[in-house]
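Okay, thanks everyone, let me put the model up on the screen. I'll talk through some ring pairs, then a couple of helices, then the empty space inside.

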Amino acid sequence: MRYAFLFLLAATLATPIHAQHDVWALTNVRIVPVSGPPIASGTIVLRDGLIAAVGANVPVPADARVLDLAGHTVYPGLIDLQSAAGVPPDRRPTGGGLSAALAAQQDTGGWRGLDPDRMVRDDLRPADAAIREWRETGVLTGLVAPQRGPMRAQAALVNFSGDAGRMVIDPRAALSMGFEGVQGRYPGTLMAVMAWQRQQFLDAQHLAAVRARYQTNPRGMERPTASPGLDALEPYATGRGLVIFDARSERAIRRAAGLGQEFSLNYAIGTAGEAWLALDVLRTAARPVLVSVHFAHPDSLTGTAFLRTRQGAMPSDASLQALIDRNPAAVDSAGLRYALTSGGRMRAADFLPHVRRAIAAGLSADAALRALTIEPARIVGADNRLGTIEAGKIANLVVTSGDLFGDSTRVVMTFVDGERFALPPVAAAGAARRPAQRAQRDTATAAPALA
């Protein structure tokens, strides 16, 4: 008996501390798995950061910490494929004129946006407040990258846990690109940016061809030289990696589609604020579209400015704004593959209200949910790990007080990689939320009460 006790004690001490507290049973909860019909009242078991079991009649393991979530609903963690959470802000040279240009040329920090070899994974700030803010809205995974430059970086698919050792799911999920010129140096204009991007893809494809010939028969052939930028760009230039273009306007969408088709890229159109004006090219391209719900003012978009000046068409601000708000619904009606995103340029607190705005403008709630879960997971090839509530997938869950898109619904808690984050209770009317009320990792050993 004594030896059995000592053996059990030794096994317990050998088990990592986090693993001893990593089993949860969420019971009596409404489950919206996305992969199938909702379960009116069921149980989800989480173990070792994964969903171990889910269903209406799942037994509760003896070692599980039980949360009775009666009256609440569980959804898969939401995914934003255009996020800047955890990415340090771009650095800019101070001053102007020649000094600014020289500073830009000498800068090696990657702010220029000419860095296909830049790995966002290496720049992540796990303690960034934005990670917590997005997690509190229910967005638990983001494809994070800088937001300016012709070739910004290799974006990382990241879980918003704040755990530096576990948060990166895929360090090379996509190459992030845009069409902004570079301050103080070449390429500074749109024409120069397009020329530079084309040359980079041409050079990378040429290098890939030379290396393929060298590997087939190197005898008598000069060994290909290494180039960090082109080496990093090669899988994207040859269609083996996903390229995401930040293309907000109609013209930018057409520009991105043309570049993608010219070089046979595996690409997606990001932001797509004027997708409703470019449905013809989007249908022809048959590539995924990342539709931002960061709805712009009509005067800031090129397509709506064109509508204002076209003979016989002088729509009001209100009618133009209605067309812009209907952009996600127009993409959905066109039968395109798409995901909803923040566009990397909005506050976390505004995200779900803007999704509700898209729903009010004609997008169905079911389509919106899929565009925030399974569809973005599929676009980045992570649907075998994310996007639905199924056994074996990463335990990213959002617990809400009601329907996710209801006006009065709030996020009560989240699980990221199976780790629970409890949100503070709603403050009384007129009372300010105290700093101490911010969401904290749950360290209690007993099931906490729900606010």
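Let's start at Phe-179, which counts as buried because its relative accessibility is 10%; buried here means under 20% relative accessible area, exposed means over 50%, and partly exposed is in between, with a 1.4 Å probe and protein chains only. Before I go on: this is a predicted model, so local features need pLDDT of at least 70, side-chain atom pairs count only at pLDDT 80 or more, and totals for chains, interfaces and linings use all residues. Residues are numbered from 1 along each chain as its sequence is written, and side-chain values use heavy atoms, with hydrogens and water left out.

Phe-245 is buried too, with a relative accessible area of 0%. So how do the rings of Phe-179 and Phe-245 sit relative to each other? Their centres are 5.9 Å apart and their planes are at 5 degrees, so this pair is stacked. The rule takes rings of Phe, Tyr and Trp (the six-membered ring for Trp) and pairs them if their centres lie within 6.5 Å; planes under 30 degrees apart are stacked, over 60 edge-to-face, and the rest tilted. In sequence the two are 66 residues apart, with Phe-179 in the loop between S9 and H6 and Phe-245 in strand S10. Helices and strands, by the way, are DSSP runs numbered from the N terminus (H or I with at least four residues for helices, E with at least two for strands). Add Tyr-267 to Phe-179 and Phe-245 and you have one aromatic cluster.

The count of aromatic pairs comes to five. Another one of them is Trp-24 with Phe-415, edge-to-face, at 5.5 Å centre to centre and 75 degrees between the planes. Trp-24 is in strand S1 (residues 23–31) and Phe-415 in strand S15 (residues 411–416), so this pair ties together parts that are 391 residues apart in sequence. Both Trp-24 and Phe-415 are buried.

Zooming out for a second: the chain has 15 helices and 17 strands, and 52% of its 451 residues count as buried. Taking contacts between residues at least 6 apart in sequence, 66% join residues at least 24 apart, where contact means heavy atoms within 4.5 Å.

Now, helix H6, residues 190–216. Its 27 residues should span 39 Å at 1.5 Å a residue, and the end C-alpha atoms are indeed 39 Å apart, which agrees; the expected span is 1.5 Å times one less than the number of residues. Which residues of H6 are buried? Ala-192, Val-193, Trp-196, Gln-197, Gln-200, Phe-201, Ala-204, Leu-207, Ala-208 and Val-210. An α-helix has 3.6 residues a turn, so residues three or four places apart point the same way. The buried residues of H6 pack against S8, S9, helix H7 (228–237) and helix H8 (250–262).

Gln-200 is worth a click. At 16% relative accessibility, Gln-200 counts as buried, and leaving out residues up to four places away in sequence, Gln-200 touches Met-151, Leu-230 and Leu-233.

On to H8, which has 13 residues and reaches 18 Å from first C-alpha to last, close to the 18 Å expected. Its buried residues include Glu-250, Ile-253 and Leu-259. Just after H8, Ser-264 takes a positive phi of about 50 degrees.

Last topic, the holes. How many cavities of 30 Å³ or more does a search of the whole structure find? Two. A cavity is a set of points on a 1 Å grid over the protein atoms alone where a 1.4 Å probe fits but cannot get out, and lining residues have an atom within 4 Å of a point. Grid points are joined across faces, edges and corners, and the volume is the space filled by probe spheres set on the points.

The largest cavity has a volume of about 120 Å³. It has 16 lining residues, and the closest to its centre are Leu-81, Gln-82, Ala-145, Ser-176 and Ile-244. S9 gives the largest share of that lining, four residues.

The second largest cavity holds about 40 Å³. Its lining includes Pro-76, Thr-141, Leu-386 and Asn-396.

That's my tour; questions?

Terms used. 1 Å grid on protein atoms, 1.4 Å probe; cavity = no way out; pocket = protein on both sides within 12 Å on 5 of 7 lines; lining within 4 Å.
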